[in-house]
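Colleague: I work at the bench and would like to learn how to read a model like this one. Could you take me through its features step by step?

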Amino acid sequence: MRFLKAREWNVSKAHKMIVDSLNWRIENEIDSVLERPIVPVDLYRSIRDSQLVGLSGYTKEGLPVFAIGVGHSTYDKASVHYYVQSHIQINEYRDRIILPRLSQQFGRPVTSCIKVLDMTGLKLSALSQIKMLTSISTVDDLNYPEKTETYYVVNVPYIFSACWKVVKPLLQERTKKKVKVLSGCGRDELLKIMDYSSLPHFCGREGSGSSKHSSPDVDNCFSLDHPFHKELYSHIKEQASHRELIKMGSLHVSIPEPDLNDAKIVEVIQAEFQKIGEQDESTNGHQG
């Protein structure tokens, strides 16, 4: 059903998409990704500090709430392979452990999540990470379709608003409906669908600002010391202990090619970033 939705109910396209995805899983040994801990733990900690993502809680309907610190993620502490591996591990843990657990708890299928994207700190320099972000979003689009019910975008700076204006018309109607850009930290809107305890730390208080340093680490769902990441890392280490041989090093996952429309969106974002950069330079030049 998810693959059909992703291909606008075109059966042959959905069939091709699911077969490609199954082949990708086999070729890249995705079924064993939760038996491949990123070691040593200091390397994993530095990945968690530079790829800001975590589970902050659940909506009132029982959907997991994933928080993502888009603006402050630097992706500069490890190779692209480690970041992709870590991202896939979180996806697989969500699909194999968290969603089945919630489905059992609620007595009905819980098959998707919501994501809250914090844009605090988004700068022109983020352009250098666009290749990394494209890799991760392509893996999601082609292999984990329709897993996100809604994207809530909060703490939006000018640079995001400018890009959103040019990207929005390029998106499929289905995708457009999923993205909700909220004002400020989005707290009041988010409290309509979740309790205070499930709010990501960067939405907790009006003006709490930065997604990086606004709370102690145990409340910061990006931190390796947060219960979600502790549970995830322990699970992977425990699964690995059942294997005779632990492969060291990162998992080299092949990144599928983005479809033409997604590639076009990336080009448009790059052009918009460049335009804003040039405007800033000329403004600064005039002031000088």
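Modeller: Gladly; we will go from confidence to the sheet, then to the helices and a few single residues.

Colleague: Where should I begin?

Modeller: Begin with confidence, since this is a predicted model. The mean pLDDT of the chain is 88, and 90% of its residues reach 70 or more.

Colleague: Which elements have the lowest and the highest mean pLDDT?

Modeller: Helix 10 (residues 260–287) has the lowest, at 73, while strand 2 (residues 64–69) has the highest, at 98. Look also at residues 206–215, where pLDDT stays under 50. For that stretch the model has 32 contacts beyond four places in sequence.

Colleague: How many helices and strands does the chain have?

Modeller: The chain has 10 helices and 5 strands. Of its 288 residues, 48% count as buried. Another useful view is contact range: among contacts between residues at least 6 apart in sequence, 77% join residues at least 24 apart.

Colleague: Now the sheet. What is the order of its strands?

Modeller: The 5 strands form an open sheet in the order 1-2-3-4-5, and the pairing is mixed. At the edges are strand 1 (53–58) and strand 5 (179–181), each of which pairs on one side only. From one strand to the next, the twist averages 25°.

Colleague: In which sense does strand 2 pair with strand 1, and in which with strand 3?

Modeller: Strand 1 and strand 2 are antiparallel, over 5 bridges. In that pair, G57 stands opposite V65 of strand 2. Helix 4 (residues 80–106) packs on the sheet, touching strand 1, strand 2 and strand 3 (113–118), and its direction makes about 155° with that of strand 2. Strand 2 and strand 3 are parallel, also over 5 bridges. There, A67 stands opposite V116 in strand 3.

Colleague: How do I read the side chains along a strand?

Modeller: In a regular strand the side chains alternate between the two faces of the sheet. Strand 3 is a good place to see this: C113, K115 and L117 point one way, and I114, V116 and D118 the other way. Both sets are buried, in keeping with a count of 6 buried residues out of 6 for this strand.

Colleague: Why does the length of helix 5 agree with its residue count?

Modeller: At 1.5 Å a residue, the 14 residues of helix 5 (residues 130–143) should span 20 Å, and the end C-alpha atoms are indeed 20 Å apart, so the two agree. The helix is mostly covered, with 10 of its 14 residues buried. Among them are I130, M132, I136 and V139, along with the polar-lettered T134, S135 and D140.

Colleague: Just after that helix I see a lysine. Is K147 buried or exposed?

Modeller: K147 has a relative accessible area of 9%, under the 20% cut-off, so it counts as buried. K147 sits in the loop between helix 5 and strand 4 (148–154). Its side chain reaches the backbone oxygen of T111 at 3.1 Å. Besides T111, K147 touches residues including R2, R94 and D95.

Colleague: And which residues does L43 touch?

Modeller: Leaving out residues up to four places away in sequence, L43 touches I38, K77, A78 and Y82. L43 lies in helix 3 (residues 41–50) and is buried, at 19% relative accessible area. L43 and A78 are 35 residues apart along the chain, yet their C-alpha atoms are separated by 7.7 Å.

Colleague: What about unusual backbone geometry?

Modeller: Most residues other than glycine have a negative phi, and most peptide bonds are trans. Here a cis peptide bond joins V39 and P40, with omega about -5°. P40 is in the loop between helix 2 (11–27) and helix 3. In that loop you also find E29, which has a positive phi of about 50° although it is not a glycine. E29 counts as partly exposed, at 37% relative accessibility.

Colleague: Where is N155 found, and what is its phi?

Modeller: N155 is in the loop between strand 4 and helix 6 (158–167), and its phi is positive, about 50°. N155 is buried, at 16% relative accessible area. A polar contact of 3.2 Å joins its side chain to that of T120. T120 lies in the loop between strand 3 and helix 5 and counts as buried, at 16% relative accessibility.

Technical notes. Residues are numbered from 1 along each chain as its sequence is written. This is a predicted model: local features need pLDDT of at least 70, side-chain atom pairs count only at pLDDT 80 or more; totals for chains, interfaces and linings use all residues. Side-chain values use heavy atoms; hydrogens and water are left out. Helices (H or I, at least four residues) and strands (E, at least two) are DSSP runs, numbered from the N terminus. The expected span of a helix is 1.5 Å times one less than its number of residues. Buried means under 20% relative accessible area, exposed over 50%, partly exposed in between (1.4 Å probe, protein chains only). pLDDT is the predictor's confidence in each residue, from 0 to 100. Contact means heavy atoms within 4.5 Å. Two strands pair if DSSP finds at least two bridges between them. Axes are lines fitted to C-alpha atoms, for helices over the stretch in contact, and angles run from 0 to 180 degrees between N-to-C directions. A polar contact is a pair of N or O atoms within 3.5 Å; within protein, one must be able to donate a hydrogen and the other to accept it, and residues adjacent in sequence count only if both atoms are side-chain atoms.
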